Amino acid sequence: MAALTLRTSGWLLVLPLLGLVVVMFAGPLFNIFWLSFTDPGPGLSNYTALAERESLRRLLWVTLRICALTTLFSVVLGYCIAYAMTHAGEGARQKMLLLLLISFWISVLVRTFAWIMILGRNGLLNNGLMSAGLISAPLPFVRNELGVLIGMVHYMIPYAVLPLLGAMRAIDGRVMAASRNLGASPAQTFWRIWLPLTKPGVIAASLLVFILSLGFYVTPAILGGGKVLMVAEYISVQVLITLKWGTAAMLAVLILVSVLALLALMSRFMKLSAALGGRA
Amino acid sequence: MAAGTGSGPGGISIRALVKHYGTFEAVAGIDLEIRRGEFLTLLGPSGSGKTTLLMMIAGFQDATSGDIRLDDRSIVAMPPEKRNFGMVFQGYALFPHMTVADNIGYALSVRGRPRAEIAARVAEMLELAQLQGMGARLPAQLSGGQQQRVALARALAFSPPVLLLDEPLGALDRKLRIEVQEQLKELHRRLGTTFIYVTHDQEEALSMSDRIVIMRAGRVEQVGTPEELYSRPRTEFAASFLGKSNFLRRDGKVWALRPEKIDLSVATGQATGGRLSGRILSMAYFGSVLKYQVETAEQGQIEVDVDAWRGGGALPVGTAVGLDWSEQAAVLLGS
């Protein structure tokens, strides 16, 4: 009886939040889903446009390419950082973690404008290179895909490092010692033991970075200078300027479904809760 | 010491070896000759430096000073992967993402040996370790005893001249431990490989070793065969760490006297036979032996073991008894 009461009262506590989620999250989500099939007219016209309109296909291709490259660079760089942190002394590791978290906590807007200061036509880097006489005209670091990539990779690195660090810290040092004792060189030990043992962390980090990259808005908008269009910015244009809500809703649904599909695919290989930092 | 005279590599010579961690001296100057083919046990309490010494032999810890030589070649500066020593780690340290067969074949595989040779050797080792049919399993799918045998097979697959074992039986239950002790001993006899075995378990050390090195605070306390160490300990530490011992003190000298070497007789009237007299303080029954604590006026509490099948059962607490022993039973220490 007491257990039943406890169970009921537990639900009562959650009820307001549950209501909030349904009204504020599930409702609008359904609305977007609905719009993608009914605006401007009922039917699949928003989705068939994907096959018909070259510009939409280009948009998706650019988004995918930038996300894939961001994921690649973030995870490779993040792997190096996590590796260094794992092998550093306790004091040094704490300092490195603090630096990582500071950049993690700074607003994406601030960080994006900071990159403009550094990479812009009159930025630190171009001025430095010109005054050193290495180049005669400013190099185009921003307002192109390179700029977007630099900004996004910089933003994503902490997201890549944290799951990787977790995976690496969990490795038993004796296993690495056993490999060397059995005659494996440090390189062999890395490729045959260390890398396979950190594979779940690599998958988790890649998944996290890729999914977050798909919805990136601020960084491509500013560092791309309107020249590099990714899905999130395109959706915002459709909603705020051209008022084609149907197209915007279709793209939003597309991203949502892709993310869910990715998660479903990954969950077949590993425990998602473990990959995303929870204890399974 | 049947295998002690074998030819081939595997003799290790340790000279004035020292290891500092900051100001802490983990190994404080050790000289030790390890004969090829012998089963040598490093025995000591935790913090005695036995594991540090093993890790230095394996190459995982640098020496602060001193030398380690394998068959008269210095290996003290050699990285672990060049030393060619097999090792069974505490907790086994199997590669969790590899099958049993891949674990066992690893040492040959990293040496670039042909597939067919590796497969043949793995099959041979699986049989030796009584793991037939388990080659395709992952370590997590095995019992503790099976994992221990995989670790052993993996360490021996490349026929190393020396096998280092770091408390390999620590994770097994008591019954299995005794079984594996016998298997290890048998394996050692068959292979003729030098075994260097680290443990804090004196029974393990006594039953398996050709020689035992008793370690204390980074130093070698005493080296000898189990029989030598048990019957002729040189220090109180050696006498009390390996087996149990009473200590008799007179005129500034100390003798060690094993409990089972004392004869206990019931005192009749005023006369008590023997060298010491006292009263039984307590008794514990261990199946094969009765352990008495006897309070004596001269030497305090003395432990006496009596074969349980001898005599007419346990004596009641408070009984007046006489204690006697033969001349050579009491060993003068510190000489």
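In this predicted model, 18 residues of chain A are in contact with 24 residues of chain B. Together the two chains bury about 1,800 Å² between them, and 61% of that area lies on carbon and sulfur atoms. On the side of chain A, A:Asn181, A:Leu182 and A:Arg192 supply 40% of the area buried against chain B, which is more than any other three residues give.

The polar side of this interface can be described as well. Between chain A and chain B there are 9 residue pairs in polar contact, both residues of each pair being at pLDDT 80 or more, and the interface holds 1 salt bridge. That salt bridge joins A:Arg180 to B:Glu81, with the closest N and O atoms 2.7 Å apart. In chain A, the elements that give two or more residues to the side touching chain B are helix 8 (173-181) and helix 9 (186-214). Sorted by class, this side of chain A has 9 nonpolar, 6 polar and 3 charged residues.

A second interface lies within chain B, for which the domain assignment gives domain 1 (12-236) and domain 2 (245-332). The UniProt annotation "domain: ABC transporter", from an unreviewed entry, covers residues 12-242 of chain B; over those residues the chain is 38% helix and 26% strand, and the end C-alpha atoms are 25 Å apart.

How many Å separate the centres of domain 1 and domain 2 of chain B? Taken over C-alpha atoms, the centres are 40 Å apart. The two domains nevertheless touch, since 6 residues of domain 1 of chain B are in contact with 8 residues of domain 2 of chain B. In domain 1 of chain B, B:Tyr230, B:Pro233 and B:Glu236 lose the most area to domain 2, together 82% of what that side buries.

B:Glu236 also takes part in a salt bridge, in which its side chain meets that of B:Arg249 at 3.3 Å, N to O. Helix 8 (residues 226-231) of chain B gives the most to the side of domain 1 that touches domain 2, with 3 residues, and by class that side has 3 nonpolar, 1 polar and 2 charged residues.

The table sets out the two interfaces together.

| Interface | Buried area and share on carbon and sulfur atoms | Salt bridges | Residue pairs in polar contact |
|---|---|---|---|
| Chain A and chain B | about 1,800 Å², 61% | 1 salt bridge | 9 residue pairs |
| Domain 1 of chain B and domain 2 of chain B | about 590 Å², 48% | 1 salt bridge | 3 residue pairs |

Key
Residues are numbered from 1 along each chain as its sequence is written. Chains are lettered from A and ligands numbered from 1 in the order in which they are written. This is a predicted model: local features need pLDDT of at least 70, side-chain atom pairs count only at pLDDT 80 or more; totals for chains, interfaces and linings use all residues. Side-chain values use heavy atoms; hydrogens and water are left out. Domain bounds come from an automatic or database domain assignment. Contact means heavy atoms within 4.5 Å. Buried area is the accessible area (1.4 Å probe) that two parts lose on being put together, summed over both. A salt bridge is a side-chain nitrogen of Lys or Arg within 4 Å of a carboxyl oxygen of Asp or Glu. A polar contact is a pair of N or O atoms within 3.5 Å; within protein, one must be able to donate a hydrogen and the other to accept it, and residues adjacent in sequence count only if both atoms are side-chain atoms. Helices (H or I, at least four residues) and strands (E, at least two) are DSSP runs, numbered from the N terminus. Ala, Val, Leu, Ile, Met, Phe, Trp, Tyr, Cys and Pro count as nonpolar, Asp, Glu, Lys and Arg as charged, and the others, Gly among them, as polar. UniProt positions are given in the numbering used here, feature names are shortened, and annotations may be inferred rather than shown by experiment.
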